[in-house]
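Biologist: I should be grateful for a close look at a single part of this model, followed outward into its surroundings.

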Amino acid sequence: MLDHIYISVSDVPRSLAFYAAALRPLGWRELGSYDSSTGPAGVPDLYGLADEAYGYGVAVGSSIWLRQRRPGETGLYVGFVADDEAEVNAAYAAAMEAGGTSEGEPAIRTYFGPSYYAANIADFDGNQLEIVHKGFNPPSRPHLV
């Protein structure tokens, strides 16, 4: 399951209004913004939209975060749901073994929340993957023994 996607846009207010209107019939809502001045370097200001489940702890939800496009920027940023920290660690290790580039080892990202455990990886073309476990989410899928 996808947790979140970053979309780089040229006009944040215009794009936020567009996505909010287009996704409202599907149960999505404006989520608010993330001020990058409170986080580490390289994390941009973000403007969020979320589905009905996102953030309530009753089901795993999804979000879209708009960010100001930077000159020359390309690529995609996609967050994938992990059901626990062990899955984050395993996915990160597998990506490194497969030739990915580390953009942040598995760790708690307190600037996003106290139970936000994630790892960041780039593929061969600069597309970015985040594997994330949020402690408030229930399992996203059945786990077979």
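In which strand does Ala 50 lie, and what can be said of its setting?

Modeller: The model is a predicted one. In it, Ala 50 belongs to strand S3, which covers residues 46-50. The relative accessible area of Ala 50 is 0%, and because buried means under 20%, this residue counts as buried. Beyond its neighbours within four places in sequence, Ala 50 makes contact with Gly 27, Trp 28, Arg 29, Leu 31, Ser 62 and Ser 63. Some of these partners can be placed in strands: strand S2 spans 29-34, and strand S4 spans 63-68. Separation in sequence gives another view of Ala 50: Thr 38 is twelve residues away along the chain, and the C-alpha atoms of the two are 22 Å apart.

A useful counterpart is Ala 107, in strand S6. Ala 107 is partly exposed, with a relative accessible area of 27%. Ala 107 and Ala 119 are likewise twelve residues apart in sequence, yet 6.7 Å separates their C-alpha atoms. Not counting residues up to four places away in sequence, Ala 107 touches Tyr 116, Tyr 117 and Ala 118. Strand S7 runs over 116-122.

Strand S3 leads next to helix H1, since S3 is among the elements that cover the buried residues of this helix, together with S1, S2 and S4. H1 comprises the twelve residues 12-23; at 1.5 Å a residue they should span 16 Å, and the end C-alpha atoms are indeed 16 Å apart, in agreement with that expectation. Val 12, Ser 15, Leu 16, Ala 20 and Leu 23 are the buried residues of H1. Around the axis they take up an arc of only 130 degrees, and therefore they sit on the same side of H1. Pro 13, Arg 14 and Phe 18 are exposed on the face turned away from that buried side.

Strand S6 leads in turn to helix H2, whose buried residues pack against S6, S7 and S8. The 13 residues of H2, 85-97, should span 18 Å, which agrees with the 18 Å between the end C-alpha atoms. Within H2, Glu 87, Val 88, Tyr 92 and Ala 95 are buried. Viewed down the axis, these buried residues of H2 fall within an arc of 135 degrees, so they line one face of the helix. Ala 86 and Glu 97 are exposed on the face turned away from the buried side of H2.

Several of these strands also border the pockets. The largest pocket has a volume of about 500 Å³. Among the 26 residues of its lining, Tyr 6, Gly 42, Arg 67, Tyr 77 and Gln 128 are the closest to the centre. S1, S6, S7 and S8 each supply at least two residues of this lining, and S1 has the largest share, with three. By class, the lining of the largest pocket holds eleven nonpolar, eight polar and seven charged residues.

The second largest pocket has a volume of about 280 Å³. Its lining consists of 16 residues, with Tyr 54, Trp 65, Phe 112, Tyr 116 and Lys 134 nearest the centre. Tyr 116 thus appears here as well as among the residues that Ala 107 touches. S1 and S4 each give at least two residues to the lining of the second largest pocket, S1 again contributing the most, with three. This lining divides into nine nonpolar, five polar and two charged residues.

How values were computed: Residues numbered from 1 in each chain as written. Predicted model: local features only at pLDDT ≥ 70, side-chain atom pairs only at ≥ 80, totals over all residues. Heavy atoms only, no water. 1 Å grid on protein atoms, 1.4 Å probe; cavity = no way out; pocket = protein on both sides within 12 Å on 5 of 7 lines; lining within 4 Å. Points joined across faces, edges and corners; volume = space filled by probe spheres on them. Helix = DSSP H or I, 4+ residues; strand = E, 2+ residues; numbered from the N terminus. Nonpolar A, V, L, I, M, F, W, Y, C, P; charged D, E, K, R; others polar. Buried < 20%, exposed > 50% of the residue type's maximum accessible area, 1.4 Å probe, protein only. Contact = heavy atoms within 4.5 Å. Expected span 1.5 Å × (residues − 1). Arc of directions from axis to C-beta.
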